[in-house]
Amino acid sequence: MPKKVLTVDDSASIRQMVTFTLKSAGYEVVEAVDGNGGLARAQADSFDLILTDQNMPGMDGLNLIRALRKLPAYGTTPILMLTTESSDQMKSLGRAAGATGWLVKPFDPQKLLDVVKRLVG
Amino acid sequence: MVFFYWQRRVMACGLCLISVLVLLSGPLWGAVAWSLALPLVASMLFVLHFVYLAKEPKVIDREEADAGNSQTAPVAPDCLDFIQEQISQSKLEVSRVQTLIQDAVLTLVNSFSGLSQEAAAQLQLAESLAKGEVGIDSHAMSFSTFVNEIANAMGSFVEKTVENSRLAMLLVEQMESIGQEMQGVILLLDEIHSITNQTNMLALNASIEAARAGEAGRGFAVVAEEVRHLSGRTSSFSDEIRNLINRVNGSVEHAEGLINQLASQDMMFTLQAKQRLDDTSSRIRVMDDMMAESISRLRHGVGLLSDHVGDAVRSLQFQDMVSQLIAHVGKRLYGIEEMMELTSNKQQQQGQWEVRASARLAELQISLSNNPVAQGQMQSGSIDLF
């Protein structure tokens, strides 16, 4: 049974790259185009790991993490922020919101895979 | 009037600054963005900058302005319309640039993904071929396994053939022994022939002596004739037996030759076949080694390809970063447009317009101060696990 990953990003190319990278390693990947869509998909299904961008129309990544952490099903699920934001202030906000990790774009596919494998196997 | 003067001055400087920032951020944007987005945005901003400067009022001194001696000339309404129109067009064209880059990058990512997947599939196929896993059912075996089984079967066959040859040689020896025994029988027949001749001679002498005895020897003459007759029949039988033995001897010698020939032919054929099979096995082993070497190189090549695709995937993320930067530049344009609107004559005719403009200006300064993309290069971003 492959592990399921939800990737939330308003950039189609980033979603495509994340999906390609993780699918090549055997993960099942579901895409959402913004925070609200990501929250809806997370509530409708069950995921082993969630990757989200920060700057998105509607609900941003930090608010998505806060909303997900309020759901019992995602209390301990690894949630990674994948964003161009790299300031320490934003990382602190992410940590406080409940993010498991902070990955700054551009991501290296192999490093992303290593992190995902480390978190969900 | 003083406000209009500073408004235009700030606008012109702002546009100039943005265009310089856009140009300086070129190395981050990559070749596609450089060729598509930068000239467009930069040239647009420079055009706006010069438009502002061209319409700038003559030299104004704040004190003179405060004293009511301003010599400024109002900006013509059609110029403001032109500027607003250009900003609107810029927003549309920036949006088109983003769409173009995104489409191109999506296609490239698809292409690289397909390339990588195809290479991995080819490697898997080559490895399956080498292992002999490509078969229509579970009984499929590798070519090397097949040859090994044939070699084993041929080895057993050669052992059996050698054993048969050994038995054939024993048979040949037995044939030679039979031939020698036949020669002994022929010698005995010669002895019988000699005895028969002597018996015949004795019977002839007895007949002569019986004839000399006259009537008294008549009976003895009959006996002597009968003995001579028996001697002749014995000689005849002896000759027939000799002929038969000679024919049997010839047949044995012929059989011996055939068995000898058969034994030597079988061995030669089998040994030649085994030699050919050994040669084939050697060639197959060489081919196996070459195939293993080729697959190793293919695996290495696919690994390199995967690394290159990884680099391409990382580099193609410039689209997302550039898109965010362009969007940020767009926000700056919106801010400029909004401030122009807020400071227009129409707005100034309404009450409290300065308060509204100042409040909005403060909001814009805060929202535009945070650039979402801090990276200046395309190297892999940091990873922090909390």
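**Buried charges and paired helices**

Modeller: A:Lys105 is buried, at a relative accessible area of 0%. Keep in mind that this is a predicted model.

Colleague: What makes A:Lys105 count as buried?

Modeller: Buried means under 20% relative accessible area, and A:Lys105 has 0%, so the word fits.

Colleague: And A:Asp9, buried or exposed?

Modeller: Buried too: the cut-off is under 20%, and A:Asp9 comes in at 2%. A:Asp53 is buried as well, with 1%.

Colleague: Why is the pair A:Asp9 and A:Lys105 called a salt bridge?

Modeller: The side-chain nitrogen has to be within 4 Å of a carboxyl oxygen, and here the closest N and O atoms are 2.9 Å apart. The two residues sit in distant parts of the chain, 96 residues apart.

Colleague: What about A:Lys105 and A:Asp53?

Modeller: Their N to O distance is 3.5 Å, and the limit is 4 Å, so that's a salt bridge too. This pair ties together parts that are 52 residues apart in sequence. A:Asp9, A:Asp53, A:Lys105 and B:Asp320 are linked in a network of salt bridges.

Colleague: How do you know that B:Arg314 and A:Asp108 join two chains?

Modeller: B:Arg314 lies in helix α6 of chain B and A:Asp108 in a loop of chain A, so their salt bridge runs between chains.

Colleague: Why is α7(B) called roughly antiparallel to α9(B)?

Modeller: Their axes cross at roughly 175 degrees. Angles over 145 count as roughly antiparallel, so the name applies. The residues in this contact divide into seven nonpolar, three polar and five charged.

How values were computed: Residues are numbered from 1 along each chain as its sequence is written. Chains are lettered from A and ligands numbered from 1 in the order in which they are written. This is a predicted model: local features need pLDDT of at least 70, side-chain atom pairs count only at pLDDT 80 or more; totals for chains, interfaces and linings use all residues. Side-chain values use heavy atoms; hydrogens and water are left out. Axes are lines fitted to C-alpha atoms, for helices over the stretch in contact, and angles run from 0 to 180 degrees between N-to-C directions. Helices (H or I, at least four residues) and strands (E, at least two) are DSSP runs, numbered from the N terminus. Ala, Val, Leu, Ile, Met, Phe, Trp, Tyr, Cys and Pro count as nonpolar, Asp, Glu, Lys and Arg as charged, and the others, Gly among them, as polar. Buried means under 20% relative accessible area, exposed over 50%, partly exposed in between (1.4 Å probe, protein chains only).
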